Amino acid sequence: MFNSLLKIEDLELSFKMYEGISTVLKKINMELNKGEKVALVGESGSGKSVTTKLILGLLNQKNVYKAGKIIFNQRDILNLSEKDFKKIRGNNISIIFQDPTAALNPVFKIKNQFHEVNLNYNNKISRKDSYVRSCNALEKVSIRDPERIMESYPFQLSGGLAQRVVITMAMINKPDLLLADEPSTALDVTVQNQALDLMDDLTSQTNTAVLLITHNMGVVRKFAEKVYVIYRGVIVEEGTKKQIFENPGHPYTIALLNSIPKLSGEGLPKHDDNPPDYALIPKYTHKSL
Amino acid sequence: MIKIDNISKKFIIKNNVIHALQNINLLIEERDCYAIVGESGSGKTTLANIILGIYKQDQGKILFHGEEIKKYRTIKERKLIQFVQQNPTSTLNPKKTIRDTLALPLKIHNIVKKKNLDSKIKELLSYVGLDSEFMIRYPDTLSGGQKQRVAIARALASEPKVLILDEPTSALDVIVQAKVLNLLLDIKNKFNLTYVFITHDLSVVRNIANKLVVMNRGKIEEYGETKDVFSNPQSQYTKELINAIPTVLESEDKLKPKLD
């Protein structure tokens, strides 16, 4: 257990709404070790993004009901106060969102946004030190002219470049855990590949664990070591990448893999018009290696 | 069917001139499915917008059945070339029921008499696999896949010959995407349509299109039969593009071209 970084135990989440109570997560169990790259795969509405929000402590509204445990570094953070969470966010846990241009504030230059992240690292850092620290980090991700980037506003950067900046920002304080919520969905295939390579590279250097949220199985295969498949708030299958892709056990995982058009050009994927309720089929767990 | 003859288009933003399209020549033949692929900013959507008459080209002309399309489309040309956009949530009017959304093109193009309007709308909905009870519903009560089906039904309403599909499935989940793609293929065969399929998802292209146009920085980089381009890509850019596709099977990895 020494190696365990994040452990989610029987996590439940529901929203109280006008129409009644909507249950989003139903007793989820997950585990991430230090430096491990884990993917959480599912379609829209399956509860994958709210899981990251819970880990970051961003769901504190009155109509939210939550139960279970999120143990991060041997400490339950599910019901932590906002003040304590501020110490964790950005330092120990950081996040990359789907749309890089929306994640950056359009009215501040990149250097000012970097400064704010650097203040998290050292709250007495001077503007000058902060500038140098950020430039060094940008140089490391093979951005050749960091000064130009630092003086730019987010809308002056291309999508790929903006995502590079966001990834750099998320990694500059060497967090223990990086949450990546669909980090490459808004990008083109070639740029997507570069962004994933960059994330892989940076997290390996600092031994940061990654929880990758995505619906793209191709991205999972490229990036992750361990995979959780989620369907309507239930984890339906977990296993290593090899197990999931070579020997998928749960009907939903099989349907997910089959629905992806293949490069071999054997025609469009077949689909089931009346699929069973996958959530009722018990979870499939592969033998641990 | 559609001949694109030496089209160029540039945008001027402040003092920068952006050449969105440079001397594009393309012949779109009947009943084919053309895929236009390329990364953002390669000019694929600009090309679609010029075919549709949303933008006016700076140079060159577009011929439809041998006749030049003028600056302002005639109603007949608009009837025959229809459009399905990327995000169904933003293309359906949230204040109109599905019935009103589908009735509009039927009225404009005088497809049916007023008393047959409802039965025609039911027919359109049945083409895309939706129940007639959807007529009274509003877009926000529909899922993403259902909205995209309504958008396809609306495009079919005017009985077009050409459908321009601008990333029709990229806002959808893979399982829903598979359903919508199958639907599009069925409709194409049923109504003898010609498709211009704009996308950056190459694995979709491999399975639906028979002609492939690769665009890069406003120019056509490569053009040919889809299976030939995939098995033997000529330009470096196409090779990189095919190589970058995220795949799920090991057998697919072997099909990727080797990079120099």
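The following exercises, with worked solutions, concern a predicted model of two chains, A and B.

Local features are given at pLDDT of at least 70 and side-chain atom pairs at pLDDT 80 or more, while totals for chains, interfaces and linings use all residues. Residues are numbered from 1 along each chain as its sequence is written, and chains are lettered from A in the order in which they are written.

**Exercise 1. The open sheet of chain A**

Determine the strand order of the open sheet S2-S1-S4-S5 of chain A and identify its edge strands.

Solution.
1. Strands (E, at least two residues) and helices (H or I, at least four) are DSSP runs, numbered from the N terminus. Two strands pair if DSSP finds at least two bridges between them.
2. In chain A, 4 strands in the order S2-S1-S4-S5 make up an open sheet with antiparallel pairing.
3. Strand S2 (20-33) and strand S5 (75-76) of chain A each have a single partner strand, so one side of each lacks a neighbour in the sheet.
4. Strand S1 (residues 4-17) of chain A is joined to S2(A) by 10 bridges in the antiparallel sense. In S2(A), the residue opposite Leu13(A) is Leu25(A).
5. Helix H1 (residues 48-55) of chain A lies across S1, S2 and strand S4 (64-72) of that chain, at about 70° to S2(A). Here axes are lines fitted to C-alpha atoms, for helices over the stretch in contact, and angles run from 0 to 180 degrees between N-to-C directions. Two residues are in contact if their C-beta atoms, placed from the backbone, lie within 7 Å.

**Exercise 2. The open sheet of chain B**

Describe the pairing of strand S1 (residues 2-13) of chain B with S4(B) and with S2(B).

Solution.
1. The open sheet of chain B has 4 strands in the order S2-S1-S4-S5, paired antiparallel. Strand S2 (16-28) and strand S5 (67-68) of chain B are the edge strands, each pairing on one side only.
2. S1(B) and strand S4 (residues 59-64) of chain B share 5 bridges in the antiparallel sense. Within S4(B), Lys61(B) stands opposite Asp5(B), and Gln59(B) is the bridge partner of Ser8(B).
3. S1(B) and S2(B) run antiparallel and are joined by 9 bridges. Ile13(B) stands opposite Asn16(B) of S2(B).
4. The hairpin of S1(B) and S2(B) has 2 residues between the strands, and Lys14(B) in the turn has a positive phi of about 50°.

**Exercise 3. The two sides of helix H5 of chain B**

Assign the buried and exposed residues of helix H5 (residues 117-127) of chain B to its sides.

Solution.
1. A residue is buried if 20 or more other C-beta atoms lie within 10 Å of its own, exposed if 12 or fewer, and partly exposed in between, with C-beta atoms placed from the backbone.
2. Ile121(B), Leu124(B) and Leu125(B) are the buried residues of H5(B). They cover an arc of only 100° around the axis and therefore lie on the same side of H5(B); the arc is that of the directions from the helix axis to the C-beta atoms.
3. An α-helix has 3.6 residues a turn, so residues three or four places apart point the same way.
4. Ser119(B) and Ser126(B), on the other side of H5(B), are exposed.
5. The packing partners of the buried residues are helix H4 (98-108) and helix H6 (144-157) of chain B.
6. Just after H5(B), Gly129(B) has a positive phi of about 75°.

**Exercise 4. Strand S10 of chain A**

State how strand S10 (residues 234-240) of chain A is covered and paired.

Solution.
1. Of the 7 residues of S10(A), 6 are buried.
2. Strand S9 (residues 226-231) of chain A pairs with S10(A) in the antiparallel sense over 6 bridges; Val227(A) has Gly239(A) as its bridge partner in S10(A).
3. The hairpin of S9(A) and S10(A) has 2 residues between the strands, and Arg232(A) takes a positive phi near 45° there.
4. S10(A) and S11(A) pair in the parallel sense over 2 bridges. The bridge partner of Glu238(A) in S11(A) is Thr285(A).

**Exercise 5. The side of chain A that touches chain B**

Characterise the contact between chain A and chain B.

Solution.
1. In this contact, 30 residues of chain A meet 30 residues of chain B.
2. Helix H8 (189-206), helix H9 (217-223) and helix H11 (251-258) of chain A each supply at least two residues of the side that touches chain B. H9(A) gives the largest share, 5 residues.
3. By class, this side of chain A has 13 nonpolar, 12 polar and 5 charged residues. Ala, Val, Leu, Ile, Met, Phe, Trp, Tyr, Cys and Pro count as nonpolar, Asp, Glu, Lys and Arg as charged, and the others, Gly among them, as polar.
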